[in-house]
Amino acid sequence: MIRLHTILTAAVLTIHCHAAPPRPNIVLIYGDDVGYGDVGCYGAEGVSTPHIDGLARDGLRFTNGYATSATCTPSRFSLFTGKYAFRQTGTGVLPGNAALIIRPGSATLPAVLRDAGYTTGAIGKWHLGLGSEAAPVDWNGEIRPGPLEIGFDYSYIMAATGDRVPCVYVENRKVVNLDHADPIRVSYTHNFPGEPTGITARDSLKMDWSHGHNDSVVNGVGRIGFMTGGKAALWNDETMAATFTGKAEEFIESAKDKPFFLYFGTHGIHVPRLPDKRFLGKSTMGPRGDAIAEFDWCVGEILNTLDRLGLAENTMVIVSSDNGPVLDDGYKDMANEKLGEHKPAGALRGGKYSIFEGGTRVPLVVRWPGKIEHGVSGALVSQVDFLATFAALTGGKIDADDAPDSQDMTAALVGKSEQGRESLVEYKGSGNESGLALRKGDLLYISPGVTREKLGPWKFVKTPAPGALFDLASDPGQTQNIAADQPEKVKEMRRELAGIVKKGK
């Protein structure tokens, strides 16, 4: 009897010794237009971001973390599919009534994690389209396909952006608070009879427009596109951050008893920048700086929820952004005039819409207590790698044909290696090869074409053939094009970029 007990005890101990460690919950907080220099731990001036800075102190801050694109829709497409957006037509910045651009049933980031046993939730900005070309969205009925058809168990989203109609929240497949006696109609070609616009009602706007953004007026703000109806369902810009954060907290609470993945795409700090009144004056930079403070508050609320529920120790939290920064992006909110010494892109050149580094190199902070040593990493990491990396972390399965551009960067993401990628492609989101660049080591090759720099109003810069070459180690601001000095390196990197593009055709 004693011998049998000893054998059984040893067997149990052996099983426990070889048991796999618990899989982490994953919370991805995806800021909007948050630039490389917009948070304190990356050198921000004029605004305090204590929650993100604390996350960086306890975790790993990356100096070479990249979104795949310099605009929002293609970055989100690549994040969820593990595929560079330039490989698929129609992945540029979408109108609010666009069809879903990710094929339902495909191997997406949420689908892979859901199949691995995770509860998956999408909260906040979507901007990947809803409905299909064959069956456009009926905002007054069931809205599908959408997040639930590409792998999410729950969603509470805005269809596109804060400056585009329809200005309503969609929970799973229904518009929130819709009154069917006041149906919603949306158009991106014509206004509806009797509805004011940012032109006809300009004197009454709470935030004036500088360019565009003068179609339908919702909550005293001109938007892109036209809508009518749905008055009870319209959002309030000033409470949007709190609404989305509250829904994110509710999702964590409901999913806490099993592994979960939360994609929290904040509206902040995208235009129109109308933070809640408690954040007004929290920065020296006006609405844009105050919106950064509000974004940091959102991060803090999520961290507090994880602490309160005892989930922090086994949760990987990632904070990043969909593209680089922009100042005047259509509204007169004093973003340029009140900038002061703050440098939204840090030492980098360009920002949103630009193929220069400021367009795609963004903040990337990762914390997983006890699993990630705190510090700073120079590893080259792209958000296109999240699919393969999270699959490896969680036991998720992807086929050889899935996520063609995603690489398992687990070792780099948890700080075990500074190797990262050998190279990555940057994309300005224009839909053609002239908007592409290849980073390899410290060198960046930019293909011939025209791109923006500055942060709005923009300056346009032409890169002549055969392209531009920069050494980012000695010249992070990309002031010296060394292509003429290294023609063979230009030829080599141009050939490599062409091969990567061809690989997906």
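Analyst: In this predicted model, a residue is called buried when its relative accessible area is under 20%.

User: Why is Cys 167 called buried?

Analyst: The relative accessible area of Cys 167 is 0%, and because the cut-off for buried is anything under 20%, Cys 167 counts as buried.

User: How do you know whether Cys 167 is bonded to another cysteine?

Analyst: A disulfide is a covalent bond between the sulfur atoms of two cysteines, and the rule applied here asks for two such atoms within 2.5 Å. The closest cysteine sulfur to that of Cys 167 belongs to Cys 72 and lies 15 Å away, so the two are too far apart for a bond. For Cys 41, the closest cysteine sulfur is in Cys 298 at 16 Å, which is again too far for a bond. By this rule the count of disulfides comes to 0.

User: What makes His 127 buried or exposed, and where does His 127 lie?

Analyst: His 127 has 0% relative accessibility and therefore counts as buried, since the limit is under 20%. His 127 sits in the loop between β4 (119-125) and β5 (154-158). Apart from residues up to four places away in sequence, His 127 touches Cys 72, Thr 73, Val 93, Leu 94, Met 158, Ala 159, Ala 160, Thr 161 and Arg 164.

User: Why is helix α3 described as largely enclosed?

Analyst: Helix α3 spans residues 72-81, and 10 of its 10 residues are buried, so the helix is largely enclosed by the rest of the structure. Among these buried residues are Cys 72, Arg 76, Phe 77 and Phe 80. Their cover includes β1 (25-31), α4 (109-115), β4, β12 (260-265), α7 (386-394) and β17. Just after α3 comes Gly 82, with a positive phi of about 70°.

User: What makes the phi of Asn 172 worth pointing out?

Analyst: Most residues other than glycine have a negative phi. The phi of Asn 172, by contrast, is near 55°, a positive value in a residue that is not glycine. Asn 172 lies in the loop between β6 and β7 (174-175), and with 27% relative accessibility it counts as partly exposed, because that class runs between the 20% and 50% limits. Tyr 353, in the loop between β13 (315-321) and β14 (364-367), has a positive phi as well, near 75°.

User: Which peptide bond leading to Pro 466 or Pro 166 is cis, and what is its omega?

Analyst: Most peptide bonds are trans. The bond from Val 165 to Pro 166 is cis, with omega near 0°, and Pro 166 is located in the loop between β5 and β6 (169-171). A cis peptide bond also joins Ala 465 and Pro 466, where omega is about 5°; Pro 466 belongs to the loop between β21 (459-463) and β22 (468-471).

User: Why is helix α2 called oblique to helix α6?

Analyst: Helix α2 (residues 50-58) packs against helix α6 (residues 287-308) at an angle of about 55°, with the axes 7 Å apart. That angle makes α2 oblique to α6, because it is neither under 35 degrees, nor over 145, nor in the range from 65 to 115. On the α2 side the contact is made by Pro 50, His 51, Ile 52 and Leu 55, while the residues of α6 include Phe 295, Trp 297 and Leu 303. By class, this contact holds 7 nonpolar, 2 polar and 1 charged residues.

User: What makes β17 and β22 edge strands?

Analyst: The sheet is open and has 4 strands, in the order β17-β18-β19-β22, with antiparallel pairing. β17 (423-427) and β22 each pair on one side only, and they are the edge strands. From one strand to the next, the twist averages 20°. Helix α9 packs on this sheet, touching β17, β18, β19 (443-446) and β22, and its direction makes about 115° with that of β18.

User: How do you know that β17 and β18 pair?

Analyst: Pairing requires at least two bridges, and β17 and β18 (residues 436-440) are joined by 5 bridges in the antiparallel sense. Leu 438 in β18, for example, is the bridge partner of Val 425.

User: Why does Val 490 count as buried or exposed, and what does it contact?

Analyst: Val 490, in helix α9 (residues 487-503), has 3% relative accessibility and so counts as buried, being under 20%. Leaving aside neighbours within four places in sequence, Val 490 is in contact with Tyr 445, Pro 466, Leu 469 and Ala 483.

Technical notes:
Residues are numbered from 1 along each chain as its sequence is written. This is a predicted model: local features need pLDDT of at least 70, side-chain atom pairs count only at pLDDT 80 or more; totals for chains, interfaces and linings use all residues. Side-chain values use heavy atoms; hydrogens and water are left out. Helices (H or I, at least four residues) and strands (E, at least two) are DSSP runs, numbered from the N terminus. Buried means under 20% relative accessible area, exposed over 50%, partly exposed in between (1.4 Å probe, protein chains only). Contact means heavy atoms within 4.5 Å. Axes are lines fitted to C-alpha atoms, for helices over the stretch in contact, and angles run from 0 to 180 degrees between N-to-C directions. Ala, Val, Leu, Ile, Met, Phe, Trp, Tyr, Cys and Pro count as nonpolar, Asp, Glu, Lys and Arg as charged, and the others, Gly among them, as polar.
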